[in-house]
Amino acid sequence: MDKQKKLDHVFLNMAKEVSTLSYCVRAKVGSLIVKNGNVISFGYNGTPYGSDNCCEEVQYMDVDAPMWLDQAIIEKKWPFEDIKGRYALVSKSEVLHAESNAILKAASMGFSTTGATIYSTLSPCKDCAKLILQAGIVRVMYLELFKRDFGSVEFLKQFIKVEKHDLQ
């Protein structure tokens, strides 16, 4: 394994560790920004400073849900159940993604991200992809594809290097 692959492996493991700081229940995501071999910032998904640390809200299955829905579909869409009924955990609109938190932290500390690499446990969403480009980041390494990717990886690949990495 060459030196860059070893470093990628180490930094992605660090991003995984950073993700454990998240209070989110559905998905804990961590990101690390590295420039010239040095970590200049990190971030994880969560709520803005000063707000509670709850990232999701409970959304109960509508009592008027179509009765024709297959039980497997119901359990997938509303995977949890309590005395009030079946429910899903839905991200609050104010939750910040790990990538944006890392970029904002670097900016607030006066660190330039131009020419940097961002390591993340998930591929960026479209909004984070735009922030990554505007921040001058030239390389993205991620572990898993964001399930609602909607083409953000392909969008980024038009401009910068983007790679999925396997930690094994």
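In this predicted model, the sulfur of Cys125 sits 3.8 Å from the closest cysteine sulfur, which belongs to Cys128, and that is too far for a bond. The cut-off for a disulfide is 2.5 Å between sulfur atoms, so Cys125 stays unpaired with Cys128 as its closest candidate. Seen from the other end, Cys128 is in no disulfide either, and its nearest cysteine sulfur is that of Cys125, 3.8 Å away. Cys125 comes out at 12% relative accessibility and therefore counts as buried. Cys128, at 3%, is buried as well.

Things go otherwise for another pair of cysteines. Cys24 and Cys55 do form a disulfide, with their sulfur atoms 2.4 Å apart. The link of Cys24 and Cys55 is left-handed, with -75° about the S-S bond. It ties together distant parts of the chain: Cys24 is in the loop between helix H1 (3-19) and strand S1 (30-35), while Cys55 is in the loop between strand S2 (38-44) and S3. The two cysteines are 31 residues apart. Both Cys24 and Cys55 are buried. The disulfide count for the model comes to 1.

Strand S3 leads on to the sheet. Here 3 strands make up an open sheet in the order S3-S5-S4, with antiparallel pairing. S3 and S4 are the edge strands, each pairing on one side only. Averaged over the sheet, and with direction ignored, neighbouring strands are turned by 45° against each other. S5 (residues 85-91) is mostly covered, as 5 of its 7 residues are buried. On one side, S5 is joined to S3 (residues 56-60) by 5 bridges, the two strands running antiparallel. In this pairing Gln59 stands opposite Ala88 in S5. S5 also pairs with S4 (residues 80-82), again in the antiparallel sense, over 3 bridges. Glu81 stands opposite Arg86 in S5. S4 and S5 form a hairpin, and 2 residues lie between them.

Turning to the interior, the largest nonpolar core has 16 residues. Those with the most contacts inside this core are Ile33, Ile132, Ile137, Val140, Leu156 and Val162. Four elements give two or more residues to the core: helix H3 (98-108), helix H4 (126-134), strand S7 (139-144) and helix H5 (152-157). Ile137 gives a good idea of who meets whom. Leaving aside neighbours within four places in sequence, Ile137 is in contact with Ile33 and Ile132, both of which are also listed among the residues with the most contacts inside the core. The other partners of Ile137 are Ile103, Thr113, Ala116, Thr117, Ile118 and Ile160. There is also a second, separate core, made of 9 residues, including Phe11, Val18, Leu143 and Leu167.

As for charged pairs, a search of the whole structure finds 7 salt bridges. One of them is found within helix H4, where Asp127 and Lys130 both lie, 3 residues apart, or about one turn of the helix. The closest N and O atoms of Asp127 and Lys130 are 3.2 Å apart. Lys130 has a relative accessible area of 43%, so it is partly exposed.

Another salt bridge spans a longer stretch of sequence. Arg139 pairs with Glu163, the closest N and O atoms being 3.7 Å apart. This pair links distant parts of the chain, with Arg139 in strand S7 and Glu163 in strand S8 (residues 161-164), 24 residues apart. Arg139 is at 11% relative accessibility and so counts as buried. Its partner Glu163, with a relative accessible area of 24%, is partly exposed. Glu163 has a further partner in Lys161, their side chains meeting in a salt bridge at 3.4 Å, N to O. Lys161 is partly exposed too, because its relative accessible area is 48%. Through shared partners, salt bridges join Asp8, Arg139, Lys161 and Glu163 into one network.

How values were computed. Residues numbered from 1 in each chain as written. Predicted model: local features only at pLDDT ≥ 70, side-chain atom pairs only at ≥ 80, totals over all residues. Heavy atoms only, no water. Buried < 20%, exposed > 50% of the residue type's maximum accessible area, 1.4 Å probe, protein only. Pairing = 2+ DSSP bridges. Axes fitted to C-alpha atoms, helices over the stretch in contact; angles between N-to-C directions. Core = buried A, V, L, I, M, F, W, Y, C linked by side-chain atoms within 4.5 Å. Contact = heavy atoms within 4.5 Å. Salt bridge = Lys/Arg side-chain N within 4 Å of Asp/Glu carboxyl O.
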